[in-house]
Amino acid sequence: MKCINPPALSDEALSLALDGLADAKTLHHLDQCHACAERFARMRHFESALQTRLRRFDCPSPQDLTDFHAGMLEEAEANAIQNHLVDCPRCQAEIEMLVQFLDLPSDRATVPDNIIPLRSPRYVTKATRVETFGSLALKGLKDEQDELSHDERSGSARIFLESKTVATGILVTGQVIDSEVDWKGAIAEVRQGGVTQQVKVLDDMSEFSFELLSSAPITISITSASGTTLVIENLTFQP
Amino acid sequence: MVIDIQDTFLSIEWSMTNLQDPANFELFRRAYQDGEETALTQIYLIYIPVLAARARHHPAFQQSCQDAVAFAYTALGNFYHAVKGEKFPQKFSVLPQVMGYLNSCIHTAVMKDVRENRASELIDEFPSPPLDHEASELFAIVTRLLPEPDDRLLARLRFVLEMKPAEISRLYPSIWPTPRHVSTALQRIRRHLRKSLGLDGEDDESGLAGD
């Protein structure tokens with residue numbers, strides 16, 4: 001494909017366009033000429049490919065930067081971050097932002113919650129129900145009439161839930177089985193009507209249990225130590 | 001001061017209006033040091049709204065893709081894993097220390113989301129980057145291909161830290177006095193890298209290529 005309005009744009013002109021510094025003549029040329037626009041697209045693709053692969057690859061995680069600022073890291077880790085900060089304006093800016101945030105007065109008025117989430121964060125996974133059956137395959141309990149077992153799948157995790165009627169309401173026990181994420185010590189939070197009812201810590205077998213006083217739908221959020229969250233929404237257990 | 005957990009359970013309203021009360025430190029201690037789940041539940045009930053309100057004031061909140069309550073949950077989860085058990089008394093002795101670190105956890109949650117959203121934007125735009133190397137390996141190659149220290153610095157500022165020419169010239173005015181100087185240097189680096197990494201294709205139709 002040839003430029004329709006020679007001379008074709010130089011690499012320097014395309015580079016300026018890539019950096020948002022192109023003049024009106026260059027932008028007009030790009031708008032009219034498919035050949036130059038295609039060269040520009042290839043340059044842009046290359047730039048994005050590099051940035052996708054390299055983007056802040058050696059920066060400490062936000063958690064490490066926070067712990068560095070709080071003085072909660074071992075000496076060697078703290079020294080490594082200190083050295084990184086010397087040459088990293090992005091991490092310097094994050095630390096400055098943290099300081100600014102911590103300095104905000106605690107009684108500042110609340111702003112309206114008018115932010116519309118654009119997408120679900122990648123580390124939050126919603127479970128989908130795969131089976132509901134009456135026997136308790138995982139834990140080998142007796143198949144009693146008032147017991148139900150639910151099997152939820154979410155990402156690499158499989159979540160087994162059992163319910164049983166007890167004197168005070170419904171006893172729900174659960175276990176997360178996962179080949180990728182360690183759920184031992186994760187936090188399971190149970191909400192009913194949007195209000196936290198109970199918070200439990202998963203044991204060494206990644207099991208947890210809680211009692212429900214009513215049969216209203218619940219949402220369970222389980223957050224692992226690595227920050228991955230499983231969300232099981234709109235679960236209903238009948239007594 | 002020691003408070004009774006059962007009393008606290010019945011006194012959510014009291015706790016909400018006395019967030020800075022030293023008695024709340026005991027609630028945190030029981031929840032995080034002793035692992036009392038009743039205390040942990042109370043922490044969630046009391047502090048989720050407080051932390052969510054705080055998250056809305058974070059300077060990067062507008063760049064994030066979650067609502068403030070989600071950040072509050074993430075912050076409390078991270079807090080638990082960072083300070084549970086014997087770490088709690090080693091790190092905290094008064095409530096303001098606890099609140100300071102909880103607020104830091106809000107910052108962590110927001111920044112993690114902002115960083116990941118930017119990464120997913122790039123992946124969404126170009127799902128299959130033609131570069132197969134791991135990041136550290138690729139950057140080592142880029143560094144080898146750019147013998148000049150200023151070029152290596154510029155490659156890092158642009159490709160690793162995603163800085164714009166205006167930001168770069170502001171930061172290093174003695175090397176690149178204007179954004180245009182940055183762009184000119186970048187053009188040379190880009191052309192060299194595209195050729196050296198075998199991704200030049202047919203893009204040099206202008207006939208201006210060649211060092």
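How many bridges join strand β4 of chain A to β5(A), and do the two strands run parallel or antiparallel? In this predicted model, β4(A), spanning residues 157-166, and β5(A) are joined by 10 bridges and run antiparallel. Two residues lie between β4(A) and β5(A), and the pair forms a hairpin. Beside this turn, A:Val166 has A:Gly169 of β5(A) as its bridge partner.

Strand β5(A), residues 169-178, also pairs with β8(A), which covers residues 207-212. This second pairing is likewise antiparallel and comprises six bridges. Within it, A:Leu171 is matched with A:Glu211 of β8(A) as its bridge partner. Strand β5(A) thus takes part in pairings with both β4(A) and β8(A). With regard to solvent, β5(A) is mostly covered, as eight of its 10 residues are buried. In general, the side chains of a regular strand alternate between the two faces of the sheet.

The helical part of chain A includes a contact between α5(A), residues 75-87, and α6(A), residues 89-102. In general, two packed helices are described by the angle between their axes and the distance between the axes. For α5(A) and α6(A), the axes come within 6 Å and cross at roughly 110 degrees. Since angles of 65 to 115 degrees count as roughly perpendicular, α5(A) and α6(A) are therefore roughly perpendicular to each other. On the α5(A) side, the contact is made by A:His84, A:Leu85, A:Val86 and A:Asp87; α6(A) contributes A:Pro89, A:Cys91, A:Gln92 and A:Ile95. By character, the residues of this contact divide into five nonpolar, two polar and one charged.

Helix α4(A), residues 62-69, contains several buried positions, namely A:Pro62, A:Leu65, A:Thr66, A:Asp67 and A:Phe68. The helix is followed by A:Gly71, which has a positive phi near 70 degrees. A positive phi also occurs at A:Arg56, where the value is about 45 degrees although the residue is not a glycine. A:Arg56 is located in the loop between α3(A), residues 34-54, and α4(A). With a relative accessible area of 11%, A:Arg56 is buried, because the cut-off for that class is under 20%. Towards the start of the chain, the peptide bond from A:Pro6 to A:Pro7 is cis, with omega near 5 degrees. A:Pro7 is placed in the segment before α1(A), which spans residues 11-18.

Chain B contains 11 helices and zero strands, and its pattern along the sequence is α-α-α-α-α-α-α-α-α-α-α. Of the 211 residues in chain B, 53% are buried. Among contacts in chain B with a separation of 6 or more, 56% are accounted for by residues 24 or more positions apart. The exposed area of chain B is about 9,200 Å², of which carbon and sulfur atoms supply 53%.

One backbone feature of chain B concerns B:Glu162, which has a positive phi of about 55 degrees although it is not a glycine. B:Glu162 lies in the loop between α9(B), residues 149-160, and α10(B), residues 165-171. The relative accessible area of B:Glu162 is 13%, and the residue is therefore buried under the 20% cut-off.

Conventions. Residues numbered from 1 in each chain as written. Chains lettered and ligands numbered in written order. Predicted model: local features only at pLDDT ≥ 70, side-chain atom pairs only at ≥ 80, totals over all residues. Heavy atoms only, no water. Axes fitted to C-alpha atoms, helices over the stretch in contact; angles between N-to-C directions. Helix = DSSP H or I, 4+ residues; strand = E, 2+ residues; numbered from the N terminus. Parallel < 35°, antiparallel > 145°, perpendicular 65-115°, else oblique. Contact = heavy atoms within 4.5 Å. Nonpolar A, V, L, I, M, F, W, Y, C, P; charged D, E, K, R; others polar. Buried < 20%, exposed > 50% of the residue type's maximum accessible area, 1.4 Å probe, protein only. Areas by Shrake-Rupley, 256 points an atom, 1.4 Å probe, with all protein chains shown as cover. Pairing = 2+ DSSP bridges.
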